[in-house]
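Q: I am new to this structure and would be grateful for a close look at a single part of it. Please describe that part in connected prose, and then place it beside the other features of the model.

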Amino acid sequence: EREALKRLRDLPAVTRDGTSIVLNANIEMPRDVEGAMDCGAAGVGLLRTEFLYMNRDDLPDEEEQYESLKGIVEGMQGRTVTARTLDVGGEKLATSLGGHFADCANPALGLRAIRLSLREPKLLETQLAAMLRAGAHGPIRILLPMICTVSEVRKVREILIRVANRLKRRGVRIADPLPPLGVMIEIPGAALSADALATTCDFFAIGTNDLTQYTLAIDRGDEQVAHLYDPLHPAVLRLIQFSTEAALRARIPVSVCGEIAGDPRYAALLLGFGIRELSMSPGSLLAVKRRIRALDLVEATRRARVIMEQSDAGRIAILLDDFNALA
Ligand code: PEP
Ligand code: MG
């Protein structure tokens, strides 16, 4: 079994009827680069940068972040690295920023992710500067977590351009042209305004972990309600489908990078929606590739339509299992 998966490493991720799929890795640490390369990932679809802020009392400066990101970009040897700005708050806490979260009644709905970055522009500028500089060493994309409105994207883009100009004036080497700026679609409101967001940004990454949490009002870390947490709920699927179609209409790249992207059972459905790029933990990549290589995309697209007529997550799971058993 392990040997069979290993042989898959060097085979292309292409459906039985010939459509190429981009399979990227989610990584959380510089040392994860090795795992991403080992499984034959096409790139890093999600680099969580929280590691830079964890388990310390001070904040990482631009130089430290630059060196760390540069190592990751170089380690990926020309494959694109999608670096996400800081996503703390909610269930993700950073001790060095603890003061911001002390009196927050609803952390998952509070000062999280991009909201904190826009409240503390210095923090965001430092990250963007490090990313722009790392982008001089290989292809990079910049991804924003927990985006909810177009004005947030516009503000970040203004800051990005300002930071880039400042670095250029100082003669510092940065990515040229500026890296694509994309947004996580992980809030229902963002998904429902995906057509508007698509006009302000360069790519989407659909984060189904938070999208499920916020759509179903189920804390993703609460065991008491874990049995109700189901990304196959038709509401979640409709939001994924709507966002995907908005991106395809606007002709911007769209990927799925939540946990479901790494589950081979869901591949047929996501591809059936029009998704052609998935990002997952490196350990899942070969199993997903195997599923994709066995998949008939025309049939998957037809099945996705049937599935979207269903009203029950359990029934959807059965239909998906039936289809997966065929290949
Ligand atoms: C998600 O929410 O689906 C996601 C990929 O981001 P994270 O798990 O880091 O919140
Ligand atoms: Mg998320």
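A: The part chosen here is helix 5, and its surroundings are a suitable place to begin. The elements that cover the buried residues of helix 5 include helix 3 (62-75), strand 3 (81-84), helix 4 (113-119), strand 4 (140-144) and helix 6 (150-169). The model is a predicted one.

Helix 5 itself runs through residues 121-134, which makes 14 residues. From its first C-alpha to its last it reaches 20 Å, close to the 20 Å expected at 1.5 Å a residue. Of these 14 residues, 10 are buried, so helix 5 is largely enclosed by the rest of the structure. A residue counts as buried here if 20 or more other C-beta atoms lie within 10 Å of its own. The buried residues are L124, T126, Q127, L128, A129, A130, M131, L132, R133 and A134.

Another feature of the model is ligand 1. Around ligand 1 stand L46, R48, D87, E186, G207, T208, N209, D210, C257 and G258. Helix 9 gives the most to this shell, with 3 residues, and strand 2 (44-48) is one of the elements that supply at least two. By character, the shell divides into 2 nonpolar, 4 polar and 4 charged residues.

As to confidence, the protein chain has a mean pLDDT of 95, with 97% of its residues at 70 or more. Among its elements, helix 1 (residues 2-8) has the lowest mean pLDDT, 82, and strand 6 (residues 203-206) the highest, 99. For the complex, the predictor gives an ipTM of 0.99 and a pTM of 0.96.

Key. Residues numbered from 1 in each chain as written. Chains lettered and ligands numbered in written order. Predicted model: local features only at pLDDT ≥ 70, side-chain atom pairs only at ≥ 80, totals over all residues. pLDDT = per-residue confidence, 0-100. Helix = DSSP H or I, 4+ residues; strand = E, 2+ residues; numbered from the N terminus. Near = placed C-beta within 6 Å. Nonpolar A, V, L, I, M, F, W, Y, C, P; charged D, E, K, R; others polar. Expected span 1.5 Å × (residues − 1). Buried ≥ 20, exposed ≤ 12 C-beta atoms within 10 Å, placed from the backbone. Contact = placed C-beta atoms within 7 Å.
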